[in-house]
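Visitor: I'm new to this structure and would like a close look at one part of it. Could you take your time and walk me around?

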Amino acid sequence: MMPMKLLPSMPSLRVASGVLLLFIVSGRALAADPAPTPHWSGLPIWGAEAQARGYSIPYPFGIGVTAYSARQPVNIEDLQLGRNGLPPVSVKNFLVINKVDTSQKNVSAKFDVLVFPFLDVYALLGYTTGKTNGVIQVPGETIGGILDPRQLQLNASFSGPTYGGGITLQGGFKVSDWRDLTTFVVADLNRTETDLSFENETLIARTKPQATVFSARVGLHFTASPSLSGGIWVGAMYQKIQQTVAGDVADTDLQFVVVQSPTKPWNTLIGGILEFGKDAFFLIEGGVGERKSILASAVYRF
């Protein structure tokens with residue numbers, strides 16, 4: 001009989017805010033350059049027209065690196081076990097599952113293209129690591145010969161490459177000449193997939209967890225000097241993770257299916273950015289609520 005610690009609640013694998021790079025500079029209205037010069041690529045489309053109207057447009061291409069760490073509780077809505085290739089059956093009604101905590105870290109590289117002054121598209125590639133922790137109480141009698149009465153640790157470490165892409169919409173308008181104070185709005189949608197593997201080689205995953213994440217932010221941007229500007233914002237993030245993950249226990253006839261969901265799919269974001277001309281920027285953002293997170297990102301634009 002394999003110990004239950006080999007049957008984890010699946011992690012909420014997502015890169016989400018971990019790959020979001022804001023392009024708020026494209027939305028702020030500033031004094032137009034004396035003679036706006038289109039980028040050699042011709043991008044963004046309508047960029048020259050936007051500059052002629054007094055908007056400062058960032059360079060269209062960006063390469064960035066993002067580090068992200070998060071922790072959140074997850075609800076285990078169902079746990080199904082099976083043997084000898086028979087369809088797994090639910091054992092949730094026989095178990096008492098305490099709150100399961102998941103934590104994850106991700107480092108990602110991202111390439112983006114500013115297609116329009118208000119629209120950015122990007123692709124990303126990274127690596128995710130994490131773990132789950134919880135306790136399962138198996139009361140009473142043996143469950144179908146699969147589980148004996150006991151208290152089981154629901155622990156597992158996981159890792160794998162993560163890849164995906166997304167789009168960012170942004171815009172803003174000047175509210176004061178003081179420091180070129182500008183309000184802006186940014187919305188981002190991305191979808192990622194992770195090739196999941198477990199640190200304990202007795203677990204074999206048969207699914208690649210997917211995540212769809214939407215986030216929105218509103219804030220203020222200011223100019224400190226001709227070569228330095230910055231901004232602050234508040235926002236919210238929603239994540240939808242793949243709820244069903246299946247797998248096998250190596251060298252056994254045991255299969256498992258875990259149905260899960262975040263305890264709170266929404267959380268609040270607070271962040272800030274420093275821009276060094278049009279060439280580079282650095283941002284940091286924290287998440288508060290049931291899902292706690294920290295993100296740091298550096299981007300070079302050309």
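Visitor: In the hairpin of strand 16 and strand 17, which residue takes a positive phi, and how many residues are there between the strands?

Guide: Happy to. One thing up front: this is a predicted model. The residue you're after is G277, with a positive phi near 65°. The hairpin has 3 residues between strand 16 and strand 17.

Let's look at the two arms. Strand 16 covers 266–276, and strand 17 takes in residues 280–288. They run antiparallel and are joined by 9 bridges. If you'd like one pair to find on screen, try L274 and F282: F282, in strand 17, is the bridge partner of L274.

Stay with L274 for a moment. This residue of strand 16 has a relative accessible area of 40%, so L274 counts as partly exposed. L274 also belongs to a nonpolar surface patch of about 500 Å², along with L228, F276, F282, I284 and I294. Both arms of our hairpin take part here: strand 16 and strand 17 each supply at least two residues of that patch.

Now slide along strand 17 to G286. Is it buried or exposed? G286 has a relative accessible area of 19%, and the cut-off for buried is under 20%, so G286 counts as buried. Leaving out residues up to four places away in sequence, G286 touches T268, L269, I270, S293 and I294. You've met I294 already, as a member of the nonpolar patch. For another distance to check, pick G286 and A296: they are 10 residues apart along the chain, and their C-alpha atoms are separated by 9.0 Å.

L269, one of the contacts of G286, also leads us to another neighbour. L269 in strand 16 is the bridge partner of G235. Strand 16 pairs with strand 13, residues 228–241, in the antiparallel sense over 11 bridges. So far, then, strand 16 has 9 bridges to strand 17 and 11 to strand 13.

What about the inside? The largest nonpolar core has 10 residues: Y68, A70, F184, V186, W233, I273, F281, L283, L295 and V299. Strand 17 gives two or more residues to this core, as do strand 1 (61–83), strand 9 (182–194) and strand 18 (292–301). Strand 17 therefore appears in both of our lists, since it supplies at least two residues to the surface patch as well. There is also a second, separate core of 9 residues, which includes I76, V91, V100 and L254.

L254 is a handy stepping stone to strand 15, residues 254–262, where 9 of 9 residues are buried. In a regular strand the side chains alternate between the two faces of the sheet. Here L254, F256, V258, Q260 and P262 point one way, while Q255, V257, V259 and S261 point the other. Strand 15 pairs with strand 1 in the antiparallel sense over 9 bridges, and P262 in strand 15 is the bridge partner of V74.

Before we finish, a quick stop at the charged pairs. The whole structure has 5 salt bridges. In one of them, R301 meets D112 at 2.9 Å, N to O. This pair links distant parts of the chain, with R301 in strand 18 and D112 in strand 4, 189 residues apart. Both R301 and D112 are buried. In another, the closest N and O atoms of R71 and D101 are 3.7 Å apart. R71 lies in strand 1 and D101 in strand 4 (residues 100–116), so this pair ties together parts that are 30 residues apart in sequence. R71 counts as exposed at 52% relative accessibility, whereas D101, at 21%, counts as partly exposed.

Finally, step back to the whole protein. Its secondary structure comes to 1 helix and 18 strands, and 50% of its 302 residues count as buried. Among contacts with a separation of 6 or more, 70% come from residues 24 or more positions apart.

How values were computed:
Residues numbered from 1 in each chain as written. Predicted model: local features only at pLDDT ≥ 70, side-chain atom pairs only at ≥ 80, totals over all residues. Heavy atoms only, no water. Helix = DSSP H or I, 4+ residues; strand = E, 2+ residues; numbered from the N terminus. Buried < 20%, exposed > 50% of the residue type's maximum accessible area, 1.4 Å probe, protein only. Contact = heavy atoms within 4.5 Å. Patch = residues over 30% accessible without salt bridge, like charges linked within 9 Å, V, L, I, M, F, W, Y side chains within 5 Å. Areas by Shrake-Rupley, 256 points an atom, 1.4 Å probe, with all protein chains shown as cover. Salt bridge = Lys/Arg side-chain N within 4 Å of Asp/Glu carboxyl O. Core = buried A, V, L, I, M, F, W, Y, C linked by side-chain atoms within 4.5 Å. Pairing = 2+ DSSP bridges.
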